[in-house]
Amino acid sequence: MQHAELISALERIVGKQGVVSRSDELLVYEYDGSLDTHLPAVVVFPETTAQVAEIVKLANLAGLPVVPRGAGTGLSGGAVAACGGIVVTTTWMNRVLSVDYANRRAVVQPGVINYELTHRTEPQGYFYAPDPSSQKVCTIGGNVAENSGGPHCLSYGATTNHILDLELVLPSGEVIHTAADEGEQQGFDLTGAVVGSEGTFGIATQITVKLTRLPEDIRVLMAIFGSIDEASNTVSAIIGAGIVPAALEMMDGLCCKAVEAAYHAGYPPDAGAVLLVELDGLRESVAELDARIQTICRQQGAREVRSASTAAERAALWAGRKGALGALGRLAPNYYIQDGVVPRTKLPETLRFVEEVARDIALPIANVFHAGDGNLHPNILFDRRDVSSVERTLRGGMEILRHCVDQGGVVSGEHGIGLEKRDHISYLFTTEDLAAMARLKQCFNPRALFNPDKIFPPLRGCGEVRDQRVAARLAKEGIYAC
Ligand SMILES: Cc1cc2nc3c(=O)[nH]c(=O)nc-3n(C[C@H](O)[C@H](O)[C@H](O)COP(=O)(O)OP(=O)(O)OC[C@H]3O[C@@H](n4cnc5c(N)ncnc54)[C@H](O)[C@@H]3O)c2cc1C
């Protein structure tokens, strides 16, 4: 199919206003929040499930890749059109279709912004628990595809724990539901399989989510430490004492400086590290936990523990924490965020390793992360215009991720594998594990046209094969093609 013919056919489906094909406009869609970029052939903005299904059928006919896209805040290249093709953006499918407080659920279109659902349900005493730090811009469709986490996932669980049913346009163009009408799971757990499949199994066009009751009381403590070691030992001490806070986040001194300059939220610019601990629940239990955590923090060397009990004080601290990545722009033109996970007890030595890497690659690394989950986010600060700093950044990132795996952890806690970590995944899984996953992908996506070149190490066409063992096994099975 000729390009002009494709554009006309897409315009017939979504109207002229829903198609972007001018090369200067396409530049906006060549990247997400990670480092990789690639231009799509065209970007479309459907408004209904029927339009999505028609677009997918057309792409099938033309043999073109389809890349689902939400707000483009992903941090692993998932929404980057690695092999070109049609980017299907769901941001115009942005309606909350129904809210059922009695049954604690809501049905939303995929382009609904995460925070909007909480904003809408809060006055009735409910919220949508998964809260990635990007929640004021990212979409629930993107959250589903990445199985996104966030500060409060320590006690409430990640996205997968809050999805009841998905309406999915399959790569064939058929429309299915992954659960029965009331969101009850019968037979295979298709919802569980699709959540976290990074847009390779289909496009979620309608999502039934759980709503959570707001707690009676909330408190946020900020514990200030002289060193990262003290702060990370405190994380193990809190969890080891049998306390699971609603959130347990850490920021190192470099981050605190940048955040304080940007937000004036009260973060101490001279700290070695701070912990942000949110407690929620019944008033009496929150007060008791507050006292116990303050004691633990002091025993572990905290020089000060501040308690924010008013909504305004809490909001200021969270604005600083959730805006931390943006504040890093004060320190360098670019940051490269890592997403490795280690057992909590390995935090002190892993953070020491991160410091060694920073020295080795001669670039600063700022840490802001979900410490309670052992989910690290070292941000390597560099300048994309300097080729040598890009090379050192990528090397440093790889060393950190491999170290996490060597500590018994994984290469991604919440940002997904995407393009960015597809070469590292074979360091984590055996060829048999990967072949089983690739077979599942083949069931949903037999022509490999849906979000191609993601998650699995590339075999041919789009890149270099790094792990010959994995490549040979997947090639033998005829499973993976770019
Ligand atoms: C400042 C900042 C802070 C962040 N903090 C966190 C955090 O705390 N926790 C966390 O987990 N992540 C975080 N992220 C990463 C990112 O926001 C999440 O991965 C988010 O879920 C991506 O949503 P999106 O709408 O931007 O999706 P996109 O980036 O557009 O897409 C992400 C993936 O989802 C697929 N996709 C999108 N929509 C659909 C759909 N309807 N159906 C099927 N597949 C689809 C795409 O193909 C792609 O693979 C952060 C990012 C930034 C920039």
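Me: What makes a residue one of those that surround the ligand, and which are the closest?
Reply: The test is a C-beta atom within 6 Å of the ligand. In this predicted model, 36 residues surround the ligand, and the closest are Gly 70, Gly 74, Gly 78, Gly 142 and Gly 199.

Me: Which helices or strands supply at least two residues of that shell?
Reply: Strand S3 (66–69), helix H5 (140–146) and strand S10 (203–210) each do. H5 gives the most, with 5 residues.

Me: And which domains does the shell draw at least three residues from?
Reply: Domain 1 (3–89) and domain 2 (96–213) each provide at least three.

Me: How do the shell residues divide into nonpolar, polar and charged?
Reply: There are 12 nonpolar, 19 polar and 5 charged residues around the ligand. Bear in mind that Gly counts as polar here, so the glycines named above go into the polar group.

Me: Why is Ala 362 called exposed?
Reply: Exposed means 12 or fewer other C-beta atoms within 10 Å. Ala 362 has 10 such neighbours, so it counts as exposed. You'll find Ala 362 in the loop between helix H13 (347–361) and strand S17 (365–369). Its phi is positive, about 55°, although Ala 362 is not a glycine.

Me: What about Ile 455, buried or exposed?
Reply: Buried. The cut-off is 20 or more other C-beta atoms within 10 Å, and Ile 455 has 23, so it passes. Ile 455 also has a positive phi, near 70°, without being a glycine. Its place is the loop between helix H16 (431–444) and helix H17 (468–476).

Me: How much of the protein counts as buried?
Reply: Of its 482 residues, 50% do.

Me: Which residues touch the most other members of the largest nonpolar core?
Reply: That core has 126 residues, and the ones to look at are Val 44, Ile 55, Ala 223, Met 251, Val 274 and Leu 275. In soluble globular proteins, nonpolar side chains tend to be buried together.

Me: Which residues does Met 251 touch?
Reply: Leaving out residues up to four places away in sequence, Met 251 touches Cys 256, Val 259, Ala 273, Val 274, Arg 321, Ala 324 and Val 368. A touch here means C-beta atoms within 7 Å.

Me: Why does the radius of gyration agree with a compact globule?
Reply: With 482 residues, a compact globule would come out near 23 Å, and the protein has 23 Å, so the two agree. The C-alpha trace spans about 70 × 55 × 45 Å along its principal axes.

Note on methods: Residues numbered from 1 in each chain as written. Predicted model: local features only at pLDDT ≥ 70, side-chain atom pairs only at ≥ 80, totals over all residues. Core = buried A, V, L, I, M, F, W, Y, C linked by C-beta atoms within 7 Å. Contact = placed C-beta atoms within 7 Å. Helix = DSSP H or I, 4+ residues; strand = E, 2+ residues; numbered from the N terminus. Domains from an automatic or database assignment. Rg over C-alpha atoms; globule rule 2.2 N^0.38 Å.
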